[in-house]
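Visitor: Please take one close look with me at the charged side chains, going slowly and connecting each step to the next.

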Amino acid sequence: MLKRRVPTWLKVTLGVFGVLFVLGAIFGRQSPAPTGATTAAGPTTSTPPVPTYTVTSVDGTTLELTDASGERTSVRAAGMAMPVGANCYGAETASWASAFLTGKQVTVKTLDTLAMITLSDGTSYSTAAVQGGHAKYLADALSTTYGPALQAAETSARAAGTGLWGPPCHGNIDAPIVITTQTPAPVEKVTVPDPTTHEKAPPASTEDVDVYYANCTEVRAAHAAPIHRGEPGYSRKLDRDGDGIACEK
């Protein structure tokens with residue numbers, strides 16, 4: 001019995017299908033997902049935490065801040081001008097600012113070295129300073145955001161005469177304080193008479209002394225001759241020639 005030969009084309013076709021079947025079996029398998037695994041929906045985003053600083057020192061509007069790693073930086077508080085040094089209300093402002101900020105935790109919103117300082121309870125350093133009369137409003141690069149609130153705070157402090165708006169500064173923080181002193185009135189010296197002195201004051205006029213001479217003999221006997229007009233005892237009858245001298249001879 002004769003065997004029929006398989007055509008070459010059929011062999012090639014069957015071989016190709018065989019290869020494809022093997023490849024499909026190898027690469028077509030999918031590994032099952034592990035139990036409990038979830039498919040990520042997409043990349044997630046989170047807001048980075050706002051850095052917090054500790055106020056190391058305060059010099060008017062200049063603050064030195066220290067971050068959590070110990071690195072220090074200096075910023076200038078925005079929106080205000082403060083009296084400094086010996087200028088009017090400078091000492092009062094320096095004392096207040098140091099007590100208000102030193103050692104406190106703050107966050108900052110900066111523009112270069114200009115910053116709005118906010119305490120942990122949400123209090124704005126610039127607003128508190130202006131409202132308390134420790135600073136004046138000053139427009140700067142951050143004024144578009146914080147300007148209206150600071151202007152309102154200054155208006156309130158000015159109307160109440162608070163801090164630097166009261167005497168003796170009256171809002172002038174660019175000049176040293178002038179302290180006026182009043183010269184005491186001179187004390188009138190009162191002379192107290194010495195009780196040990198017994199000098200007899202002379203009579204104010206001849207009318208105060210009752211002296212009478214009947215004639216020049218009595219005048220001479222009293223060793224009072226001659227008597228001039230105006231002296232005690234003078235009388236016209238004793239002055240015969242009327243020259244103002246009685247009993248001259």
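Guide: A salt bridge here is a side-chain nitrogen of Lys or Arg within 4 Å of a carboxyl oxygen of Asp or Glu. By this rule, the count comes to two salt bridges. The model is a predicted one, in which local features need pLDDT of at least 70 and side-chain atom pairs count only at pLDDT 80 or more, while totals for chains, interfaces and linings use all residues. Residues are numbered from 1 along each chain as its sequence is written, and side-chain values use heavy atoms, with hydrogens and water left out.

One salt bridge joins Glu64 to Arg72, whose closest N and O atoms are 3.2 Å apart. With a relative accessibility of 23%, Glu64 counts as partly exposed, whereas its partner Arg72, at 55%, counts as exposed; on this scale, buried means under 20% relative accessible area, exposed over 50%, and partly exposed in between, for a 1.4 Å probe and protein chains only.

In another salt bridge, the side chains of Glu154 and Arg158 meet at 3.3 Å, N to O. Both Glu154 and Arg158 belong to helix H4, which covers residues 143-160, and they stand four residues apart, about one turn of the helix (helices are DSSP runs of H or I with at least four residues, strands are runs of E with at least two, and they are numbered from the N terminus). Glu154 counts as buried because its relative accessibility is 13%, while Arg158, at 47%, counts as partly exposed.
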